[in-house]
Amino acid sequence: MKYLLAFTLPALLPLAESTPHPLRRTTYGPQTSSHIDEVLAGSRPCSSSAVVIGRETWAPGNIGVFWGARFRDELVDAFDGDVDVQGIHREDYPANLVDYHIGGSDTGADSCARMVDEYVEKCPGARVFVTGYSQGSLVAYKCVNRVSAAARAQIKALVVFGSEERLMDDVQPVPKGIILKNYCVENTTAPDVVCTETLTSGIELPNSVGDVVAQLKETVASLKNVVTNEDQLKEVATIPALLIRDLPATLPWIAKDVAQGKIRRWMILPPHLLYGFNGMTTDAAAWMAGVA
Ligand SMILES: *[C@@H]1O[C@H](CO)[C@@H](O)[C@H](O)[C@H]1NC(C)=O
């Protein structure tokens, strides 16, 4: 394993250097952020804001290393440290592919809502944000619909990245009083088709389960083109096995969606991988810090 990393990292560096979007940092803090747990345990004082994070499918820790670790660091900067950043508990939200077809993990959404409720009780007056990337965005939508009325009044915004919400069977509303901030790669040459307003021309939808799986595998393989640090490189190495683990239970749902013309929700193309790299997290963190 050590040998493999040492061998592949230099080979990938030229790719990282040619990344079109300059990074403020290429290494970030840990893949886990548990400030709300600490506040609830009494070992950390309440901040004036809190952000609950739903990580993307297969991401490690409770926030992940492709999008979450960078976003957490940027949030802490943008709020001058006066923010509690927390990932949804891994034991409640496994972020597997199987839960995706139901519109995001239900146990993850319940866990998120419970955490927001408890935080608001402990820190009355705090501004709360719920955010997520990919499946994590679906969980975030469900979460804001499951919190108590008191907690809902303290949620300022639902901030989603690469959200498939509009393509799911049971589309979740955005509760009144909560602002929706929706980040999507709308590049017409290379769009993230799970969240674009329309299906831009030039993208051909597959019409067989085999084609969908081939596309998923291609996107997973393209992850190596976006890594910029060793944590990400380590995650890339874990993903093929996770795909193999989750595919058998997921294939029947993909087949059903192919039959019913709902295939776009499985069109996870390489542009869907860009949210930790294209500056959208930086923009979101600044926007959130400015929400009164
Ligand atoms: C849009 O996608 C194309 C093809 O990948 C890329 O060359 C271009 O830089 C992208 N444009 C933006 C604004 O990201």
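Helices (H or I, at least four residues) and strands (E, at least two) are DSSP runs, numbered from the N terminus. Two strands pair if DSSP finds at least two bridges between them. This is a predicted model: local features need pLDDT of at least 70, side-chain atom pairs count only at pLDDT 80 or more, and totals for chains, interfaces and linings use all residues. Residue numbers start from 1 along each chain as its sequence is written.

**View 1. An open sheet of 5 strands.** The strand order is 2-1-3-4-5, with parallel pairing. Strand 2 (84–87) and strand 5 (179–183) each have a single partner strand, so one side of each lacks a neighbour in the sheet. Neighbouring strands are turned by 15° against each other on average, direction ignored. Axes here are lines fitted to C-alpha atoms, for helices over the stretch in contact; angles run from 0 to 180 degrees between N-to-C directions.

**View 2. Strands 3 and 4, with helix 5.** Strand 3 (residues 127–133) pairs with strand 4 (residues 155–161) in the parallel sense over 6 bridges. Val128 has Ile155 of strand 4 as its bridge partner. Helix 5 (residues 135–144) packs on the sheet and touches strand 1, strand 3 and strand 4. Contact means C-beta atoms, placed from the backbone, within 7 Å. The direction of helix 5 makes about 145° with that of strand 3.

**View 3. Strands 1 and 2.** These strands run parallel, joined by 4 bridges. Val51 stands opposite Val85 in strand 2. Between strand 1 and strand 2 the chain passes through helix 3 (residues 64–78), in a right-handed β-α-β crossover. Right-handed means that, with the strands pointing away from the viewer, the path from the first strand over the helix to the second runs clockwise.

Conventions: Two residues are in contact if their C-beta atoms, placed from the backbone, lie within 7 Å.
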